[in-house]
Amino acid sequence: MELFDSRQTQIQKLKQPISAESSRSSPNPLMADSENQSGGGKFTPPKDFVCPITSTLFDDPVTLETGQTYERKAIQEWLDRGNSTCPITRQNLQSTQLPKTNYVLKRLIASWQEQNPGIAFSPSDNPSPQIEPMVKPIMPSTSPVSVISQAAIDSAVSELRIAITNLCMSEILKESEMAVLRIERFWQEANVEWDIQNMLSKPPVINGFVEVLFNSVDPRVLAATVFLLSELGSRDNAVIQTLTQVDSDVECIVALFKKGLMEAVVLIYLLRHCILNLVEMDLVDSLLMVIRKRDDDLANMCLKPKSAAVVLLGHIVGGSESIANTVTSEKALERIISSLESESAEEKTAAIGILLRCMQQDGHCRNTIADKAELAPVLDSFMGAKDEERFEIVLFLSELVKLNRRTFNEQILRIIKDEGPFSTMHTLLIYLQTAAQDHCPVVASLLLQLDLLAEPRKMSIYREEAMDTLISCLRNTEVPTAQIAAAETIMSLQGTFTTSGKPLARAVLLKRAGLDKIYKQRVRMDQLSNFSGEDETVEEEKAADNWERKMAFVLASHEFGLLFEALAEGLKSRISELCSACFVSATWLVHMLNALPDTGIRGAARLCLIKRFISIFKSAKDTEDKALALLALGSFIRDPEGMQELNSCRRDIVKGLRELKRYTPLAFQMLKVFSDGQDSSAELWDHKELVQVDCSENGEVLSVVCFEDKIFSGHSDGTIKVWTGKGSILHLIQEIREHTKAVTSLAILQSKEIVYSGSLDRTTRVWSIGNEGIQCVEVHDMKDQVHNLAVTNSFSCFIPQSNGIKAHSWSGGSKMLNSSKSVKCFALVNGKIYCGCHDSSVQEIDLVTGTLSTIQTGSRKLLGKSNPIHCIQYHSGMIYAAGSSLDGAAVKIWSAANFSLVGSLSTTLEVRAMAISSELIYLGGKGGCVEIWDREKQNRIIDTLQTGTNCKVLSLAIDPNEEVLVTGTSDGRIQAWGLS
């Protein structure tokens, strides 16, 4: 060690650079930050218009595969001299055959010249860059400072040989450790010559270093060993090959790194191309520790440990996307963001890849990245990047503008457009012309968004190229990935996103279609959590509406609606992702036609899409798809030709509207439109007999009710039957007879999935409903015969054998109501009972206050014959009572609010049963017929169903979906009718 101490002042920087210095060529004037100054009365043209070789305006510009543009003659001369690289980037050219003229740039130059006529320009205004060779020759140093006596060098080398011998030959660990420290000190103090590097790079020496790594526990020795191996490996690839010949050597280095030897990250970086299972080595936590450290806290090595860690993390994240979630939860995210400003292109590229996958996996980090990232270095790196790296940069920028606040998105877009040392839009345009097909939609989308920052103009080269590319990709059936990417890109251009960056186009359209609940389920409450107040929310909504309107106009108006034709083709695809994205995109653009000026594109949309939307509306099983198709069809109602096409499928459309009106008011509004010009939309209903079952062996069918896919029937012999059926088959799944006398009525308690049966045997039974039938769980002694049963959670009401109505509490008590009247039928609704009596009177009983109000007074018997109210129903605030037709109105209708008579049905039928749907009234009576009346118009019979000839219809029921009508008759028949 004394030798090294005595020579510390002698030994200066001994060696020339180990390898030839790599010299970057001077910056491309096309991309330079500095602007040429005008002088001598001359105006400098835009920097993108000048050839970097000739320094004159382009006449015949050609863009090489590297992204650099040159004058054709100048670059041809360069190639003719035997060169095969790009003069600016020094990248090897795959082909020396020049591409076609860049007509986009040529048109831009011509346009500029027309706007600036007579302006002189000389090469001196924009001096030509000096194109220097990438590799400089090694020149011997002639500095006297670097000259020392040969004797001193020989003595130092001799000491080094002794240390190397001890490292390789000594079996004493301490001697080997001291040898490592001496070699490391020699390396730090003197720039070793090639011979010295060769001495240390030999396999036995490298193996000696590895032995120290395996056996030493001294942190200083381990750090010195890793330092030396890293220095040698960075200069000589043979060292890397030696280290990777034995797997255990690599595993040892990785293990030391994971134990806290942070300097080892540089050595692992140098070995990365030889490590096959880098993802499986569980390095993420250790890499993040290095990344979180400040540069000052880490050793000064051939490569910054942080840079090595970022590059390695980029490789790991690229191979296993799930790891990105770990990165986003770490404070290391900000340090990775700072790597975007690194001088190392590899580190910068790796940081872009990491941040991209973080946004793709956990979009909540998007706001942090957008807020802290400097985008100018990212844009600067685009020109020198490889094709895959360029696409990653475009993907990164595209993900960055999927923020959940429109104003922030536009701020980021302006930064992308205006920052950087070159024209971003022009560079993207050139890249778009050479990008892979499945990459093009993303590039075109970003270019289109940048172009849209200004108000839509009559003509924009960038917009035209982007739109042509999107449509071309959407139609390219040979590359399905490009088709899907194009369709999903168009859908995301709607411009609204969740906090995690997921497109909200479908959810927004469902909200506009009236499915607010689905929208709220998909959009979390933290959507507006970053807004400071109501004014800011209004500003965001205004910005979002403005963006959506401008984007829809650009997309829909291109080439007179050419995009509609491409979307219509996509809707026919068998690829579900493509078809779904085209459906949402087409729905959005057609819906937006209502907010855009009518330039004739509505007609193009109608020709391309209306039949497809009608088909989807008719056939879709999913409520959401039906609602979206309805939203699109609504845009064609104002168009006479569109309405004509809709009317051609009127019946099917109205059927779908009836199904949808339970979910969205839009369907109800459309129903009104289709009802105009006809007596009523009720006329569009069709009834088809599905099945008829003979149960005459069980007597009369006194009651029928529907619950989900089941039908329950009560019979006069005390039997209850449970049916299920689809199509034209009614399948009996259970027949049970626990009542000893007739089952007069059945009632469903929907909230508890329970059916109640009332019987003449003075009991009410409670049945639980299961998949295979019903099971009796309770029996209540009612102390009286049960007719016309109605139930709630806490009590029941029924008509006893005597006068009045009996209210029976499930806990055991009972009370008589309206005991002065012989009640024939009643309806229990919202705490009120509506009674139809034997003397044709109708009363309302308020169960809360006990108040009894008369709706219709009774009438005297005529010739000794009574005129009872046989059935009474309540529906949508109206009371329907069916009695005698002697006064010309067998069914009268009163308002439940003020008991005023609002209508009547002048049927001659002796009504015994009644059922009411949203649009129709069904009356069953003698002769086995069921009359169908329009509930709204009330002026005539729409249709008549015949259940038999010598029977009475005693019971009617409609399923909750209004798809099936069930009748029960006095001759024991059950009949089902399909409603459509």
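# Exercises on helix packing, burial and loops

The crossing of helix 21 and helix 23 is left-handed (the near helix is turned anticlockwise from the far one by less than a right angle; clockwise would be right-handed). The model is predicted: local features need pLDDT of at least 70, side-chain atom pairs need pLDDT 80 or more, and totals for chains, interfaces and linings use all residues. Residues are numbered from 1 along each chain as its sequence is written, and side-chain values use heavy atoms, without hydrogens and water.

## Exercise 1. Two helix pairs

Describe how helix 21 packs on helix 23, then do the same for helix 29 and helix 30.

**Solution.**
- Step 1. Locate the first pair: helix 21 spans residues 424-432 and helix 23 spans residues 461-475. Helices are DSSP runs of H or I with at least four residues, strands are E runs of at least two, and both are numbered from the N terminus.
- Step 2. Take the geometry. The axes of helix 21 and helix 23 are 11 Å apart, at an angle of about 30°. Axes are lines fitted to C-alpha atoms, for helices over the stretch in contact, with angles from 0 to 180 degrees between N-to-C directions.
- Step 3. Classify. Helix 21 is therefore roughly parallel to helix 23 (under 35 degrees; over 145 is roughly antiparallel, 65 to 115 roughly perpendicular, the rest oblique).
- Step 4. List the contact (heavy atoms within 4.5 Å). Helix 21 brings Met425, His426, Leu429 and Leu432. Helix 23 answers with Ile461, Tyr462, Glu465, Ala466 and Thr469.
- Step 5. Turn to the second pair. Helix 29 and helix 30 (residues 601-619) cross at roughly 120°, and their axes come within 11 Å. So helix 29 is oblique to helix 30. This crossing is left-handed.
- Step 6. Name its residues. Phe583, Ala586, Thr587 and Val590 of helix 29 meet Ala605, Leu609, Phe613 and Ile616 of helix 30.

## Exercise 2. The nonpolar cores

How many residues does the largest nonpolar core have, and which have the most contacts inside it?

**Solution.**
- Step 1. Set the criterion: buried Ala, Val, Leu, Ile, Met, Phe, Trp, Tyr and Cys residues, joined through side-chain atoms within 4.5 Å. Buried means under 20% relative accessible area, exposed over 50%, partly exposed in between (1.4 Å probe, protein chains only).
- Step 2. Read off the result. The largest nonpolar core has 193 residues, and Phe209, Leu313, Phe396, Leu474 and Leu555 have the most contacts inside it.
- Step 3. Find the main contributor. Helix 29 (residues 576-592) gives the most to this core, with 10 residues.
- Step 4. Look for a separate core. Another one, of 17 residues, lies apart, and Phe49, Tyr70, Ile75 and Trp78 are among its members.
- Step 5. Inspect Phe209. Beyond neighbours within four places in sequence, Phe209 is in contact with Leu167, Val180, Ile183, Leu200, Thr225, Leu228, Leu229 and Leu232.

## Exercise 3. Arginines: buried or exposed?

Decide whether Arg765 counts as buried or exposed, and repeat for Arg366.

**Solution.**
- Step 1. Place Arg765: strand 10, residues 763-770.
- Step 2. Check accessibility. Arg765 counts as buried because its relative accessibility is 15%.
- Step 3. Look for a polar partner. The side chains of Arg765 and Glu738 form a polar contact of 3.1 Å (N or O atoms within 3.5 Å; within protein, one able to donate a hydrogen and the other to accept it, and sequence-adjacent residues count only if both atoms are side-chain atoms).
- Step 4. Place Arg366: helix 17, residues 366-372. With a relative accessible area of 1%, Arg366 is buried.
- Step 5. List its surroundings. Setting aside neighbours within four places in sequence, Arg366 is in contact with Met359, Glu399, Leu400, Lys402, Leu403, Ser500 and Gly501.

## Exercise 4. Positive phi

Where does Glu559 lie, and where is Ser876 found?

**Solution.**
- Step 1. Recall the background: most residues other than glycine have a negative phi.
- Step 2. Take Glu559. Its phi is near 50°, a positive value. Glu559 lies in the loop between helix 27 (534-557) and helix 28 (562-571). Its relative accessible area is 52%, so Glu559 is exposed.
- Step 3. Take Ser876. Phi of Ser876 is near 50°, also positive. Ser876 sits in the loop between strand 20 (871-875) and strand 21 (878-882). At 54% relative accessibility, Ser876 counts as exposed.

## Exercise 5. A covered helix

How many of the residues of helix 31 are buried, and which residue caps the helix?

**Solution.**
- Step 1. Count. Helix 31 (residues 623-633) has 9 of its 11 residues buried. Among them are Glu624, Lys626 and Leu633.
- Step 2. Check the N-terminal end. Asp622 caps helix 31 there, with a side-chain oxygen 3.2 Å from the backbone nitrogen of Glu624.
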